[in-house]
Amino acid sequence: MSTETPAANAQQVLQEAARRRTFAVISHPDAGKSTLTEALALHAHAIQSAGAVHGKGGRKGVTSDWMELERDRGISVTSAALQFGHRDHVMNLVDTPGHADFSEDTYRVLSAVDCAIMLVDAAKGLEEQTRKLFSVCRHRGVPVITFINKWDRRGREALELLDDIQNILEITPVPQVWPVGAAGNLRGLVEAANTEQMLRYTRVPGGTHAAEEELLDFGRAAAEEGETWETALEELELALDSGPGWDPQAFREGKITPVFFGSALTNIGVRLLLDAVVDLAPSPGARELVNGGAREVTDEFSGVVFKIQANMDPAHRDRIAFIRVCSGVFERGMNVTRAASGRSLATKYAHTVFGAERTVADICYPGDVVGLINATALRVGDTLYVGKKAEFPPLPAFAPEHFAVARPKDISRSKQFRKGISQLDEEGVVQVLVSDRRGDQAPVLAAVGPMQFDVVLHRMEHEFSSPIALDHLPYSLARVTDAEGAATLDRSRLVTGEALTRRSDGALLALFADKWQLNSFVRGNPDVYLETLIATA
Ligand code: GDP
């Protein structure tokens, strides 16, 4: 049986895939991700009212405003992805949970995108979560576009921020636009590709609408903006001269990042950013398979589960598996196979979910996101396919930073305890580490974000009928080591036996209290094998 869709269809799939841009915004809390998300989506459909969402007194109004916008303008909001149109392209903006719900899932959703926008606060520069998310992008080969936000407010110098990107992230920033005016005195933008003109912005009093854009030719820019204009051109030249220049290949390989400046709040620079996603970001392409070879976008349907959202309310035990379409056409109702089990799965309950409502996803193309309701067999990282088998490589385990020992509250339920813990491990809800000293009745749960523990507590009690207690441990870093390394660690006074653990895939993990402890061990034992896990800062 051929794995290819019929020729006419294949042509259509290619066209539809070429029109799609599937991306995420990576940032530290408060850098402006929500503001930018709204500005991007609204820009695509309704430039004039882009500021309105924020104009009504901040975040509280956002949800209901969104609902209205969905109805009025056909923007679909799902809890996992936002889809909107721009310049005849279909933009799929995949959400990266942050703030309190920062967890391993935040890293995993990056497996679903072809590009990321790294959002940086002009005053704060590269913050911790941004760096971690960036390292996941680098590891997964996801190209990164940089947007330096809040330029309407006082902040750091543009050249200094670029230096940080170069020195801290070790990726070369290549500015595509440059701010005219220092942070806090934003007059406009100049594009690197055309320094003969300036885009000037005038803020509308009250700030409830996007700043007005005006195009000035060189003469007017020089006459009306004087030194500010000259400084911008000088700085841009300096930044470009010291770098390798724009090179699409180097961007796709993660060697350079195009840089944009602006203000999400006043909608400055947002259109240029959106254009960049269309012009620079890759469209969905072939994906490598676990046993070699690749699944072409024109092959039959395949997709990867990148997020499971469970409703914790037992009365509504809803569970939605979000799938990114990787190849072919997804049609609601089709039977797909789950690669891990070889079992077939009906998809009549396929939806894109928005707000409280659900719309039905009838046909989706590569790059799109589909939600499958109550597909309880699915796990994050699963591949689904039609026709010839496809299985994408499993997601890596990311560096945990929070550790706690789990104990059953009722020891007569130790069977349920073991079953629950091992299922949650398998599902990737939390990583489960066992140390020889503690044994498997007291496993160490390891998480990227503390919210993962809340999910474990809840599910152990309600789903596996084995309530647990957690004792938090004073570790914050994990390194993979080998048997020899473990023996050296064990002999050292620094690390106790409890800190030597084994993950369910067999990897040995040594836990350290902090960087100081780790560094001091490394200084004394420079030859010990200690491998950094992805996203360890
Ligand atoms: P998130 O935590 O990354 O989603 O950040 P939000 O979008 O909630 O923004 C955090 C705060 O920064 C809010 O008070 C926003 O109004 C503000 N903010 C976001 N973008 C800008 C901007 O471009 N300029 C200014 N001055 N404030 C901004």
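An oxygen atom of the ligand lies 3.1 Å from a polar side-chain atom of Lys 150. In this predicted model, the ligand is surrounded by 16 residues, of which Lys 33, Ser 34, Thr 35, His 99 and Asp 152 come nearest. The second largest pocket holds about 770 Å³ of space.

**Polar contacts and cover of the ligand**

- The side chain of Asp 152 places an N or O atom 2.7 Å from a nitrogen atom of the ligand.
- Ala 264 takes part through its backbone, with a polar atom 3.0 Å from an oxygen atom of the ligand.
- On its own the ligand has 580 Å² of accessible area, and the protein covers 83% of this.

**Composition of the ligand shell**

- Six charged, six polar and four nonpolar residues make up the shell around the ligand.
- Helix 2, spanning residues 33-45, gives the most to this shell, namely three residues.

**The second largest pocket**

- The lining of the second largest pocket consists of 31 residues, and those nearest the centre of the pocket are Pro 394, Leu 395, Pro 396, Ala 397 and Glu 426.
- By class, this lining comprises 15 nonpolar, ten charged and six polar residues.
- At least two lining residues come from each of helix 5 (104-108), helix 11 (414-427), strand 26 (431-434) and strand 32 (531-532).
- Helix 11 supplies the largest share of the lining, with three residues.

Conventions. Residues are numbered from 1 along each chain as its sequence is written. This is a predicted model: local features need pLDDT of at least 70, side-chain atom pairs count only at pLDDT 80 or more; totals for chains, interfaces and linings use all residues. Side-chain values use heavy atoms; hydrogens and water are left out. A residue is near a molecule or strand if one of its heavy atoms lies within 4 Å of it. A polar contact is a pair of N or O atoms within 3.5 Å; within protein, one must be able to donate a hydrogen and the other to accept it, and residues adjacent in sequence count only if both atoms are side-chain atoms. Accessible areas come from the Shrake-Rupley method with a 1.4 Å probe; for residues, only the protein chains shown count as cover. Helices (H or I, at least four residues) and strands (E, at least two) are DSSP runs, numbered from the N terminus. Ala, Val, Leu, Ile, Met, Phe, Trp, Tyr, Cys and Pro count as nonpolar, Asp, Glu, Lys and Arg as charged, and the others, Gly among them, as polar. On a 1 Å grid over the protein atoms alone, a cavity is a set of points where a 1.4 Å probe fits but cannot get out, and a pocket is an open set with protein on both sides within 12 Å along at least five of seven lines; lining residues have an atom within 4 Å of a point. Grid points are joined across faces, edges and corners, and a volume is the space filled by probe spheres set on the points.
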